[in-house]
Amino acid sequence: MPQDAKRPDRERMVWRGVVEEYRSFMPVSDRTPVVTLGEGRTPLIYAPELSRLKSAEVYLKYEGGNPTGSFKDRGMTLAISKAAEEGSQTVVCASTGNTSASAAAYAAKAGMTCAVLIPQGYIALGKLAQALIYGAKVMQIKGNFDQALDIVRELGERSGKVTVVNSINPFRIEGQKTGAFEIIDTLGAVPDYHFIPVGNAGNITAYWKGYKEYFKAGISSSLPKMMGFQADGAAPIVLGHIVDHPDTIATAIRIGNPASWDNAVKARDESGGIISSVEDSEILEAYRFLAARESVFCEPASAASVAGLLKTEVKSGSIVVCVLTGHGLKDPDVAISQISVPEAIEATYDAISEELGV
Ligand code: AN7
């Protein structure tokens with residue numbers, strides 16, 4: 001090591017996960033065994049291309065940087081910690097994929113059994129791989145997410161033996177609200193607009209709660225407009241009625257009867273925001289744009305927030321945050337469907353230099 005090189009300040013580098021870092025805002029006590037994988041402190045990436053296009057200051061809150069690659073870890077650390085405090089040995093959830101991956105990881109860390117119900121054929125490959133490798137009991141049902149959630153609710157009520165860790169579990173929302181805290185802590189300001197994909201509507205509920213709590217505590221002095229986006233084929237909140245057969249390429253938000261419907265509407269109305277929808281083609285366009293122009297690879301559902309921004313007018317010069325909820329590698333099939341995979345080339349210098357044109 002060179003003489004003048006400074007050692008990193010370990011004290012400051014340690015990040016203890018969202019429950020410890022935001023303990024005073026968390027429903028925990030000395031008796032809560034905190035189960036963490038160091039989630040949170042995800043990058044808030046300045047997006048120059050989007051900023052130029054919208055004449056605004058646009059940032060991407062990249063939740064793919066969490067331990068299991070999605071925002072679900074923020075809520076799962078608390079839900080599993082509380083389940084452990086209550087002596088629960090088995091947790092269960094319905095999922096379009098990311099919740100199951102996160103629940104499986106945190107349950108394994110806590111030594112609990114985890115059972116997940118997923119819609120057969122409509123879960124991205126990376127998510128299925130995660131749930132299995134973390135050791136969850138995976139049950140693919142011959143039905144969609146909404147049906148899976150109905151069964152899980154009933155399991156929670158009737159069996160008396162399992163803890164449900166879907167976002168109907170209030171601790172999930174309490175943990176997920178830390179995303180709003182981090183945005184304010186990092187920016188040193190409150191965004192004017194907060195763009196976010198909406199599926200089961202837990203995350204828009206959680207962010208709005210987080211923004212309001214910092215405001216009430218006097219840490220911040222304004223509130224953002226909450227701008228939620230569903231996929232056109234799965235837009236019950238926009239339509240005002242349940243969608244029986246939701247359909248979208250963004251399987252994470254293929255949801256027809258969101259559990260936090262009322263709270264999403266409240267977040268929209270209290271903040272003066274909107275909940276609207278975007279077509280699959282717009283989602284895919286935003287998805288490719290983010291990777292190619294901003295170098296941020298997210299999963300299709302995450303790109304719904306940016307697809308929403310691209311077609312929504314924002315006040316010139318305003319601060320905009322788009323939440324990118326999950327990592328692009330979650331859904332390799334969609335990525336590959338959006339590009340053409342190149343043919344193999346002879347393994348020679350000549351063939352490669354000719355291909356490169358150098
Ligand atoms: C990448 O994993 O519902 O509106 O079961 O995985 O809080 O539901 C996932 C949802 C957005 C929507 N982006 O968030 C599940 C699940 C990604 C997601 C959403 C999900 P909510």
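In what follows, Ala, Val, Leu, Ile, Met, Phe, Trp, Tyr, Cys and Pro count as nonpolar, Asp, Glu, Lys and Arg count as charged, and the others, with Gly among them, count as polar. With these classes in hand, we can walk through this predicted model, beginning with the residues that surround its ligand. The shell around the ligand divides into 8 nonpolar, 11 polar and 2 charged residues.

Which residues of this shell come nearest to the ligand? Of the 21 residues around the ligand, the nearest are N98, T99, N200, A201 and T325, where a residue belongs to the surroundings if one of its heavy atoms lies within 4 Å of the molecule. Two of these names return when we look at individual atoms, for a polar backbone atom of N200 is 2.7 Å from an oxygen atom of the ligand, and a backbone N or O atom of A201 likewise lies 2.7 Å from an oxygen atom of the ligand. A little further along the chain, N203 has a polar backbone atom that is 2.8 Å from an oxygen atom of the ligand. The ligand on its own has 480 Å² of accessible area, and the protein covers 99% of it. If we ask which elements give two or more residues to the shell, the list consists of helix 5 (98-110), helix 10 (202-216) and helix 14 (300-310).

It is useful to turn next from the ligand to the space that holds it. The structure has 1 cavity of 30 Å³ or more, and the largest cavity contains about 300 Å³ of space. Its lining is made of 25 residues, of which F71, K72, G199, N200 and A252 are the closest to the centre of the cavity. This largest cavity is the space taken by the ligand, and N200 therefore appears both among the residues that come nearest to the ligand and among those closest to the cavity centre. By class, the lining of the cavity has 10 nonpolar, 12 polar and 3 charged residues, and at least two lining residues come from each of helix 5, helix 8 (170-176) and helix 10.Apart from the cavity, there is also the largest pocket, with a volume of about 160 Å³. What lines the largest pocket? Its lining includes N144, D146, Q147, L149, D150 and R153, together with I242, V243, D244, N257, P258 and A259. Sorted by class, the lining of this pocket has 5 nonpolar, 3 polar and 4 charged residues.

Terms used: Residues are numbered from 1 along each chain as its sequence is written. This is a predicted model: local features need pLDDT of at least 70, side-chain atom pairs count only at pLDDT 80 or more; totals for chains, interfaces and linings use all residues. Side-chain values use heavy atoms; hydrogens and water are left out. A polar contact is a pair of N or O atoms within 3.5 Å; within protein, one must be able to donate a hydrogen and the other to accept it, and residues adjacent in sequence count only if both atoms are side-chain atoms. Accessible areas come from the Shrake-Rupley method with a 1.4 Å probe; for residues, only the protein chains shown count as cover. On a 1 Å grid over the protein atoms alone, a cavity is a set of points where a 1.4 Å probe fits but cannot get out, and a pocket is an open set with protein on both sides within 12 Å along at least five of seven lines; lining residues have an atom within 4 Å of a point. A molecule sits in a cavity or pocket if more than half of its atoms lie within 2 Å of its grid points. Helices (H or I, at least four residues) and strands (E, at least two) are DSSP runs, numbered from the N terminus. Grid points are joined across faces, edges and corners, and a volume is the space filled by probe spheres set on the points.
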